[in-house]
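Hi,

I'm passing this structure on to you, since you haven't worked with it before. Please have a look at it first, and then read on below.

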Amino acid sequence: MARRKKEPKSVHRENIASAASVLFMDRGIAATSMDDIAKAAGYSKATLYVYFENKEEIVGILVLDSMKKLYHYIVSALEQQETTKGQYNFICRGLVRYQEEFPFYFKMVLDKINIDFESHDYLPEEKETYQIGEEINEKIKGFLISGMEKGDLRNDLKIMPTIFILWGTLSGLIQLAVNKEEYIKKAMGLSKVQFLEYGFHRLYCSISDRGEW
């Protein structure tokens with residue numbers, strides 16, 4: 001215990017959040033108690049409350065972390081390719097890799113986030129999460145506008161609705177492929193990768209100006 005006291009507060013918070021993420025993935029957030037988290041992290045319950053006021057604060061930290069990781073994946077995808085289709089393909093692959101590496105985070109990114117910061121009843125992490133989400137949307141907005149200017153994407157796209165449609169469809173396809181992988185293989189004769197490639201291509205065709213199907 002003496003060794004722990006010498007460690008920075010951030011180290012303890014990271015240890016606790018890491019233990020909590022494993023429990024949340026196995027049991028779900030609602031079924032996981034602060035006592036469960038304390039035991040998994042190797043802390044007393046009283047010590048746990050030194051670093052986190054409640055379970056909601058831990059969830060807020062994890063959601064923020066997930067948004068930071070997602071931002072990195074999106075930015076990396078856009079920087080590695082110059083063509084519109086190439087960037088789109090890399091965004092799709094980046095999201096698949098993100099889901100495979102951080103399945104719990106992937107689900108959390110799709111959850112509801114707080115957008116009301118007029119009142120004082122919110123966590124600092126919630127506002128930062130919202131801001132990073134807006135930065136991600138700006139990156140996707142730039143991708144869409146660039147594609148429209150190049151003549152690769154339809155010029156009648158409504159930017160914000162298209163961004164949300166892309167997020168919803170891509171994330172939905174990826175999660176569906178994970179949940180129904182065996183069914184897709186048996187009923188369609190497609191691997192998860194083949195199913196996703198087909199779905200990603202169809203979605204791109206819906207916003208493409210080339211009219212290819």
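Here is what was found, starting with the whole chain and then turning to one pair of helices.

Please keep in mind that this is a predicted model. The chain holds 11 helices and 0 strands, so if you read the elements from the N terminus on, you get α-α-α-α-α-α-α-α-α-α-α. The chain has 213 residues, and 42% of them count as buried. Its accessible surface comes to about 12,500 Å², and carbon and sulfur atoms account for 52% of that surface. As for contacts with a separation of 6 or more, 62% are between residues 24 or more positions apart.

Now to the pair I'd like to show you: helix 6, which covers residues 84–101, and helix 9, which covers residues 159–179. They pack at an angle of about 45 degrees, and their axes are 11 Å apart. An angle between 35 and 65 degrees falls outside the parallel and perpendicular ranges, and helix 6 and helix 9 are therefore oblique to each other. Their crossing is right-handed.

Which residues make the contact? On the helix 6 side they are Tyr88, Cys92, Leu95, Val96 and Gln99. Helix 9 brings Leu166, Trp167, Leu170, Ile174 and Val178. Sorted by class, this contact has 9 nonpolar residues and 1 polar residue, with no charged residues.

If you'd like to follow along in the viewer, helix 6 and helix 9 are a good pair to pick out, with Tyr88 and Trp167 among the residues in their contact.

Best wishes

Terms used:
Residues numbered from 1 in each chain as written. Predicted model: local features only at pLDDT ≥ 70, side-chain atom pairs only at ≥ 80, totals over all residues. Heavy atoms only, no water. Axes fitted to C-alpha atoms, helices over the stretch in contact; angles between N-to-C directions. Helix = DSSP H or I, 4+ residues; strand = E, 2+ residues; numbered from the N terminus. Parallel < 35°, antiparallel > 145°, perpendicular 65-115°, else oblique. Left-handed = near helix turned anticlockwise from the far one by under 90°. Contact = heavy atoms within 4.5 Å. Nonpolar A, V, L, I, M, F, W, Y, C, P; charged D, E, K, R; others polar. Buried < 20%, exposed > 50% of the residue type's maximum accessible area, 1.4 Å probe, protein only. Areas by Shrake-Rupley, 256 points an atom, 1.4 Å probe, with all protein chains shown as cover.
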